[in-house]
Amino acid sequence: MTIDEKDLLNSILNSLSDLDFIKPEDFPNIDLYMDQVTTFMDTHLSACKRHPDDKVLTKTMINNYAKNNLLPPPLKKKYSKEHMLALIFIYYFKNILSIGDIQAILNPITDKYFASDLNFNLENIYEEIFRLEESGMKHVQKDLTRKYQTSLQTFSDLPKESQAELQRFSFICMLCFDVYIKKQLIEKMIDARLPGTSAENKTPDKDKTNGKSKK
C-alpha cells in the first residue's frame, strides 16, 4: 500500500471518527423556537455536512416534515426535546429513504411513544439507538478497511497509472452495492409490514427546498 493509499484510508476513517452523534444529555430540556432548533442541529451535526455552506435542517424542511406527518406539530411554535429526537431520526433516514418509507418506519413509533404517558418514551428509544450506533462504529471502520484492502487487489494486471483510478472505482462500487443491498432489505421489511404498499413509497421524493432527490 502506497503512502497516498494510506492517506486516503486514514482520511476516510478519521472522517467517521469526526461524525457528530448528539448525545442524549446534550439535548436541551427546554422547548425551542424554530431558529433555535436549526441552530442547535447545525452546530451539533456540522461534521456531517459535505460542504461548509450546507444546512443540516432548514425551516422549510422542518415545516415540510410536519405537513407530511413525519413530525408532530409544535406546541405554540415551540419544539420539545422529543421533537428534536424525532428530527434526528428523520435527518438520517431522509438520505436514503422516501417520505412514504420514513412515515412507515417512524410514525408508529411517534404515535405510541411521543409525549407518552408511559414510563418508556422517545427519549428512551433514542438512548438505546445511540448506544447501538456508538458501539457499531468500530465494526463499520473494520468493514471499510477490509473493503478498501480488497479493492487494492483488483486490476493488478494493469499498468500502475491505470490501477489507482480503477481500484478507487472498485472501492466506490463495493460501498454502493452495500448501501443498495441494505436499502433493499429496509424496503422489503417495510413492504412486509404494510401489504399493498404502493410504488409511490419506493420512489424518492423531491426535496421541496432545492428540488433534489431526498435519497
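The largest nonpolar core in this predicted model has 34 residues. Within that core, M41 and L57 are the residues with the most contacts. Five helices each supply at least two of the core residues: helix 2 (34-44), helix 3 (59-67), helix 4 (81-93), helix 5 (99-113) and helix 6 (122-151). The largest share, 8 residues, comes from helix 4. As general background, nonpolar side chains in soluble globular proteins tend to be buried together.

Let me turn to M41 itself. Which residues does M41 touch once its neighbours within four places in sequence are left aside? They are I22, V56, L57, M84, L87 and I88. L57, then, is in contact with M41, and these two are the residues that have the most contacts inside the core.

There is also a second core, separate from the one just described, and it has 6 residues. Among them are L9, L144, L152 and F171.

I shall now take the helix pairs in turn, beginning with helix 2 and helix 4. Their axes come within 12 Å and cross at roughly 50°. The two helices are therefore oblique to each other, and helix 2 passes helix 4 in a right-handed crossing. On the helix 2 side, the residues that take part are V37, F40 and M41; on the helix 4 side, they are M84, L87 and I88. By class, this contact has 6 nonpolar residues, with no polar and no charged ones. Three of the M41 partners named earlier, M84, L87 and I88, are thus the helix 4 residues of this contact.

The next pair is helix 4 with helix 5. Here the axes are 11 Å apart, and the packing angle is about 165°. Angles over 145 degrees count as roughly antiparallel, and helix 4 and helix 5 are therefore roughly antiparallel to each other. Their crossing is right-handed. From helix 4, the residues E82, A86, F89, I90 and F93 meet I102, I105, L106 and Y113 of helix 5. By class, that contact has 8 nonpolar residues, no polar ones and 1 charged residue.

The third pair is helix 4 with helix 6. Their axes come within 9 Å and cross at roughly 40°. That makes helix 4 oblique to helix 6. How is the crossing handed, left or right? Helix 4 passes helix 6 in a left-handed crossing. The helix 4 residues involved are K81, E82, L85, A86, I88 and F89, and they meet L122, E123, I125, Y126 and I129 in helix 6. By class, there are 8 nonpolar, no polar and 3 charged residues in this contact. E82, A86 and F89 of helix 4 meet helix 6, and these residues also take part in the contact with helix 5.

Finally, I would draw attention to I62, which lies in helix 3. Is I62 buried or exposed? With a relative accessible area of 1%, I62 is buried, because buried means under 20%. Leaving aside neighbours within four places in sequence, I62 is in contact with M34, V37, T38, L57, L71, Y79 and L87. One of these partners, T38, is 24 residues from I62 in sequence, while the C-alpha to C-alpha separation in space is 8.9 Å. L57 and L87 are among the contacts of I62, and both are also in contact with M41.

Key. Residues are numbered from 1 along each chain as its sequence is written. This is a predicted model: local features need pLDDT of at least 70, side-chain atom pairs count only at pLDDT 80 or more; totals for chains, interfaces and linings use all residues. Side-chain values use heavy atoms; hydrogens and water are left out. A nonpolar core is a set of buried Ala, Val, Leu, Ile, Met, Phe, Trp, Tyr and Cys residues joined through side-chain atoms within 4.5 Å. Buried means under 20% relative accessible area, exposed over 50%, partly exposed in between (1.4 Å probe, protein chains only). Contact means heavy atoms within 4.5 Å. Axes are lines fitted to C-alpha atoms, for helices over the stretch in contact, and angles run from 0 to 180 degrees between N-to-C directions. Angles under 35 degrees count as roughly parallel, over 145 as roughly antiparallel, 65 to 115 as roughly perpendicular and the rest as oblique. A crossing is left-handed if the near helix is turned anticlockwise from the far one by less than a right angle, and right-handed if clockwise. Ala, Val, Leu, Ile, Met, Phe, Trp, Tyr, Cys and Pro count as nonpolar, Asp, Glu, Lys and Arg as charged, and the others, Gly among them, as polar.
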